[in-house]
Protein chains: 2
Amino acid sequence: ARPKVGYFYSGREAMSFFTNQINSMKVSDIKSLPIVVDEQTTLYDAIVTLFLEDVGSIYVTSEGFLTGVVSRKDFLKNSIGGVDLNKIPVGVIMTRMPNIVTITPEDSIIDAAVKIMEHQVDSLPVIEETVINNKHGYKVIGKISKTNIVRVFVDLCKNN
Amino acid sequence: ARPKVGYFYSGREAMSFFTNQINSMKVSDIKSLPIVVDEQTTLYDAIVTLFLEDVGSIYVTSEGFLTGVVSRKDFLKNSIGGVDLNKIPVGVIMTRMPNIVTITPEDSIIDAAVKIMEHQVDSLPVIEETVINNKHGYKVIGKISKTNIVRVFVDLCKNN
């Protein structure tokens, strides 16, 4: 095949160049540190963690495996419900596996953004398959939120 | 000036084409409906509104003017504090003007995204100057959140 040495510039080409560039950006390039608590953590302690870390959602693990996700919305719902926040563990109110939308480090950030929009979630745990004591599951190695996506958008726009 | 009839395609040009396209998108093109309550609304009623409308923040008005913003985080902080949610009005806990980051319909969505990131807020009220009973202020005519920005990002990537 002849090499392309130059061709006419059009919006379509510019946009597909842009999309290719975005497509080459992986979840692993932009992920944040996840905030993780154990299933036995009380709602009160988990809420304190949420405020100290200033995050919108917390991931929950048991024996090293991802078992759930709990959001500011879940906490608020339970806080106004009159439950004793010091008695109930997060494991009781969290969204439990397999009902969690996840992403892997190799996925593109577009896949992540699409999942966030389609499932209407604030963030996705970035996971990796793992085996602990002969048990198979997923460990949490990161987090992708709307904030990460908006940051990419801003960076792309500002740098050009 | 000679018209440009075609030039070599490069990443830089593609990216600036992209940025120009984004720059031409205004806040008014992508804004959502704002959820607004009066300053006298109790925390409990405001939280119910938050859940019914499934939003992360609510804008607060008094006599038609924007006076405050209250977020899921503000509500959660107060819900665990043991205050009587049925007695305290949102006016007491909201972030009050002029400490609110706002945007206008004519601003570009890049400006909106930059403000959201720089001020670490979930959303911006879209405002317009107004005069009511000889008083000057701002009315809320929309809302731009991280969700709106991520949606633009997804639409741009999917359509190309």
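**Exercise 1. Which helices and strands do the buried residues of α4(B) pack against?**

Work this out for the predicted model, beginning with the residues of the helix that are covered.

*Solution.* Step one is to list the covered positions of helix α4 (residues 72–79) of chain B, and these are B:R72, B:D74, B:F75, B:L76, B:N78 and B:S79. Step two is to set that list against the length of the helix: 6 of the 8 residues are buried, so α4(B) is largely enclosed by the rest of the structure. Step three is to name the partners, which come from both chains: α3 and α4 of chain A on the one hand, and α3 (43–53), β2 (57–62), β3 (65–71) and α5 (90–93) of chain B on the other.

**Exercise 2. Find A:K73 in chain A, classify its accessibility and list what it touches in chain B.**

*Solution.* A:K73 lies in helix α4 (residues 72–79) of chain A. Its relative accessibility is 25%, and because buried requires under 20% and exposed over 50%, A:K73 counts as partly exposed. When residues up to four places away in sequence are set aside, A:K73 touches B:F51, B:D54 and B:R72; B:R72 has already appeared among the buried residues of α4(B). Within its own chain, A:K73 stands 8.5 Å from A:G56, C-alpha to C-alpha, although 17 residues of sequence separate the two.

**Exercise 3. Reconstruct the sheet of chain A that contains β1 to β4, giving the strand order, the sense of each pairing and the edges.**

*Solution.* Begin with the overall inventory: chain A has 7 helices and 6 strands, which follow one another along the sequence as α-α-β-α-β-β-α-α-β-α-β-β-α.

Next, take the pairings one at a time.

- Strand β1 (residues 36–38) of chain A runs parallel to β2(A), the two being joined by 3 bridges, and A:V36 has A:Y59 as its bridge partner in β2(A). Between these strands the chain passes through helix α3 (residues 43–53) of chain A, in a β-α-β crossover that is right-handed.
- β2(A) pairs with strand β3 (residues 65–71) of chain A in the antiparallel sense, over 6 bridges, with A:I58 matched to A:V70 in β3(A). The hairpin of these two strands has 2 residues between them, and A:E63 takes a positive phi near 55° there.
- β3(A) and β4(A) are likewise antiparallel, with 2 bridges, and the bridge partner of A:V69 in β4(A) is A:T95.

Putting the pairings together gives an open sheet of 4 strands in the order β1-β2-β3-β4, with mixed pairing. The edges are β1 and β4 (95–96) of chain A, each of which has a single partner strand, so one side of each is left without a neighbour in the sheet. As for burial, strand β2 (residues 57–62) of chain A is mostly covered, since 5 of its 6 residues are buried.

**Exercise 4. Describe the hairpin formed by β5 and β6 of chain B.**

*Solution.* Strand β5 (residues 123–132) and strand β6 (residues 135–145) of chain B pair in the antiparallel sense over 10 bridges. To fix the register, note that B:L124 stands opposite B:I144 in β6(B). The turn has 2 residues between the strands, and B:N133 within it has a positive phi of about 50°.

**Exercise 5. Check the length of helix α7 in chain A, then examine the lysine at position 146 of chain B and the cysteines at position 157.**

*Solution.* Helix α7 (residues 146–158) of chain A has 13 residues, which at 1.5 Å a residue should span 18 Å, and the distance of 18 Å between its end C-alpha atoms agrees. Its buried residues include A:K146, A:I149, A:V150, A:F153 and A:C157.

In chain B, B:K146 is found in helix α7 (residues 146–158), and at 13% relative accessibility B:K146 counts as buried. Apart from neighbours within four places in sequence, B:K146 is in contact with A:K146, A:T147 and A:V150 in chain A, and with B:I116, B:V121 and B:D122 in chain B. With A:T147 there is also a polar contact of 2.8 Å between the side chains.

Turning to the cysteines, A:C157 counts as buried because its relative accessibility is 5%, and B:C157 counts as buried at 6%. The disulfide count over all chains is 0.

Definitions and conventions: Residues are numbered from 1 along each chain as its sequence is written. Chains are lettered from A and ligands numbered from 1 in the order in which they are written. This is a predicted model: local features need pLDDT of at least 70, side-chain atom pairs count only at pLDDT 80 or more; totals for chains, interfaces and linings use all residues. Side-chain values use heavy atoms; hydrogens and water are left out. Buried means under 20% relative accessible area, exposed over 50%, partly exposed in between (1.4 Å probe, protein chains only). Two strands pair if DSSP finds at least two bridges between them. A crossover is right-handed if, with the strands pointing away from the viewer, the path from the first strand over the helix to the second runs clockwise. The expected span of a helix is 1.5 Å times one less than its number of residues. A disulfide is a pair of cysteine sulfur atoms within 2.5 Å. A polar contact is a pair of N or O atoms within 3.5 Å; within protein, one must be able to donate a hydrogen and the other to accept it, and residues adjacent in sequence count only if both atoms are side-chain atoms. Contact means heavy atoms within 4.5 Å.
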